Amino acid sequence: MGIHRLNHAVLYVSDLARSVAFYRDVLGFRPIPMTPDGFRGAAFLQAPGSTNDHDLGLFEVGAGTGPSTAGRGTVGLYHLAWEVDTLDELEVTAQRLAAAGALGGASDHGTTKSLYGQDPDGLEFEIVWLVPADRLDDAALAARKRIGRLDLDAERRRYGGQTRGGVGVSVPA
């Protein structure tokens, strides 16, 4: 099988305009004009810097729908994870999520540095920076077996705020 990456995700949302505004204003996604003529209640967005046709599809199911019970009462998707290039970008994203009341947490997974957020419908997502392959050491690899508190200032001192993440891991070296 030749699968090598996730191209896009599609989410059901209760209020399309509210969700588009969140992903656009908080996470920087741009709306892509590709909704079929005559089709209502859908939007397609592309992440900043993405080369995908679109990264996120949103389909409105209406305000009368209940929240997702995935993981609490039913099976379902836990979260999506989007990658940023630098720790400085991760910090800016943390500030934007906090200002929007959407930052749920932050974790150090050793090889990844992660923020967790929720969109207006409570759907969870992760924003992650990956330690580049040439910076992986025994301590980072061993720390994958735990979830620690993320100290972004310490990580920027260790790796540099502008160091491109994921090189040799998720992006070619």
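In the predicted model, Lys-113 is found in strand β7. Its surroundings are drawn from many parts of the chain. Leaving aside neighbours within four places in sequence, Lys-113 is in contact with Leu-87, Leu-90, Ser-107, Asp-108, Ile-127, Val-128, Trp-129, Val-131, Leu-150, Glu-155 and Tyr-159. The relative accessible area of Lys-113 is 1%. Burial is counted under 20%, so Lys-113 is buried. The side chain of Lys-113 also has a polar partner. A polar contact of 2.8 Å joins it to the side chain of Asp-108.

Two of the residues in contact with Lys-113, Glu-155 and Tyr-159, lead to helix α4. This helix spans residues 152–159, and Leu-152, Glu-155 and Tyr-159 are buried within it. These three cover an arc of only 60° around the axis, which puts them on the same side of α4. The general geometry of helices fits this pattern. An α-helix has 3.6 residues a turn, so residues three or four places apart point the same way. The buried residues of α4 pack against several elements. These are the helices α2 (87–99) and α3 (138–142), together with the strands β6 (103–108), β7 (112–118) and β8 (124–130).

Both ends of α4 show local features. At its start, a side-chain oxygen of Asp-151 reaches to within 3.3 Å of the backbone nitrogen of Asp-153. At the other end, Gly-160 follows α4 and has a positive phi, near 95°.

The pairing of α2 with α4 can be described further. The axes of the two helices come within 10 Å and cross at roughly 165°. Angles over 145 degrees count as roughly antiparallel, and α2 and α4 are therefore roughly antiparallel to each other. The crossing of α2 past α4 is left-handed. On the α2 side, the residues that meet α4 are Leu-87, Asp-88, Leu-90 and Glu-91. Their counterparts in α4 are Leu-152, Glu-155, Arg-156 and Tyr-159. Leu-87 and Leu-90 of α2 are also among the contacts of Lys-113.

Thr-51 offers a contrasting environment. This residue lies in the loop between β3 (42–46) and β4 (56–60). Thr-51 is exposed, with a relative accessible area of 72%. Not counting residues up to four places away in sequence, Thr-51 touches Arg-5 and Gln-46. The C-alpha atoms of Thr-51 and Asn-7 are separated by 9.4 Å, and these two residues are 44 residues apart along the chain.

Key: Residues numbered from 1 in each chain as written. Predicted model: local features only at pLDDT ≥ 70, side-chain atom pairs only at ≥ 80, totals over all residues. Heavy atoms only, no water. Buried < 20%, exposed > 50% of the residue type's maximum accessible area, 1.4 Å probe, protein only. Helix = DSSP H or I, 4+ residues; strand = E, 2+ residues; numbered from the N terminus. Arc of directions from axis to C-beta. Contact = heavy atoms within 4.5 Å. Polar contact = N/O pair within 3.5 Å; in protein donor to acceptor, adjacent residues only side chain to side chain. Axes fitted to C-alpha atoms, helices over the stretch in contact; angles between N-to-C directions. Parallel < 35°, antiparallel > 145°, perpendicular 65-115°, else oblique. Left-handed = near helix turned anticlockwise from the far one by under 90°.
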